[in-house]
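Please open the model in your viewer and keep the sequence panel beside it, since the tour moves by selecting residues one after another.

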Amino acid sequence: MGILIFGGGLAIQHGLHALAHPEVPSNLGWALGVLAVSTLIELFVLLSIVRDLARSRGNRTWRRHVSAQGPGVMTVLLEDLAAVLGCVFAAIALGICHYTQDGLWDAIAQLVIGSMLTVVGLYRVWRNRGMLIGQAINDSELLRLRLFLEDLNGIDRVTNLKTRQLSANTYVLKAEVVF
């Protein structure tokens, strides 16, 4: 997540510098060649992740299945999606720069790519904050858990129930019960 935010910030810094001093990139062939290879590699990784997710999806919706994945899978999925889109934006910007002989398009692409990487990094920080600070499960799940415990033989009522998230699918439970 830090690499995404730092890399995005660096790309934004370069984009702002390029706005102030626009230059038409030279060696268009080399630049497009590197972007083509990068796109193919990132696309291969992205398609591999999507294929693995499809195999394990079962009858869940894509949205539910993807949101249930651990932070590592989600980070790689979003990072690769941003990388593929970034390569496409960069290639389009290089083409427009070459055609118009205006380096402003390269600066705009750098700003777009940097913003995209930064947003992905910040989104992952926001989504993973529960594991960083020990967030509890949501209220509806907590209610289901309370009702489950109160339905068990020998338990009259639950007086206090607390949870803390340890990982994507692991929680600690503390329950004070009256037998």
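## Salt bridges, a pocket and a loop

Begin by selecting Glu141 and Arg144, whose side chains meet in a salt bridge with an N to O distance of 3.1 Å, and keep in mind throughout that this is a predicted model. Both residues belong to helix 6 (residues 139-151), where, because they are 3 residues apart, about one helical turn separates them. Colour the pair by accessibility and Arg144 comes out as exposed, with a relative accessible area of 57%, whereas Glu141, at 34%, is partly exposed.

Searching the whole structure gives 3 salt bridges, so the next stop is another of them, between the side chains of Arg55 and Asp52, with 3.0 Å from N to O. These two residues are also 3 residues apart, this time in helix 2, and about one helical turn lies between them. Arg55 is exposed at 61% relative accessibility, while Asp52, with a relative accessible area of 43%, is partly exposed.

Then select Lys174 and Glu176, which form a salt bridge whose closest N and O atoms are 3.1 Å apart. Lys174 is partly exposed at 35%, and Glu176 is likewise partly exposed, at 39% relative accessibility.

Move now to Asp106 in helix 5 (residues 104-133). Which side chain of opposite charge is nearest to Asp106? That side chain is Arg124, 27 Å away, and Asp106, although buried, has no salt bridge. Show what surrounds Asp106 and, apart from neighbours within four places in sequence, you will find contacts with Pro25, Ala93, Leu94 and Cys97.

Asp106 also helps to line the second largest pocket, and a selection of the rest of that lining takes in Ala11, Leu35, Gly86, Cys87, Ala90, Leu94, Ala109, Gln110 and Ile113. The space in this pocket amounts to about 250 Å³. Helix 4 (71-100) and helix 5 each contribute at least two residues to the lining, which by class consists of 7 nonpolar, 2 polar and 1 charged residues.

Finish at Arg57, in the loop between helix 2 (28-56) and helix 3 (62-67). Arg57 counts as partly exposed, with 26% relative accessibility, and, once residues up to four places away in sequence are set aside, it touches Trp62 and His65. For a last distance check, pick the C-alpha atoms of Arg57 and Met74, which are 14 Å apart in space and 17 residues apart in sequence.

Terms used
Residues numbered from 1 in each chain as written. Predicted model: local features only at pLDDT ≥ 70, side-chain atom pairs only at ≥ 80, totals over all residues. Heavy atoms only, no water. Helix = DSSP H or I, 4+ residues; strand = E, 2+ residues; numbered from the N terminus. Buried < 20%, exposed > 50% of the residue type's maximum accessible area, 1.4 Å probe, protein only. Lys, Arg positive; Asp, Glu negative; His and termini not counted. Salt bridge = Lys/Arg side-chain N within 4 Å of Asp/Glu carboxyl O. Contact = heavy atoms within 4.5 Å. 1 Å grid on protein atoms, 1.4 Å probe; cavity = no way out; pocket = protein on both sides within 12 Å on 5 of 7 lines; lining within 4 Å. Points joined across faces, edges and corners; volume = space filled by probe spheres on them. Nonpolar A, V, L, I, M, F, W, Y, C, P; charged D, E, K, R; others polar.
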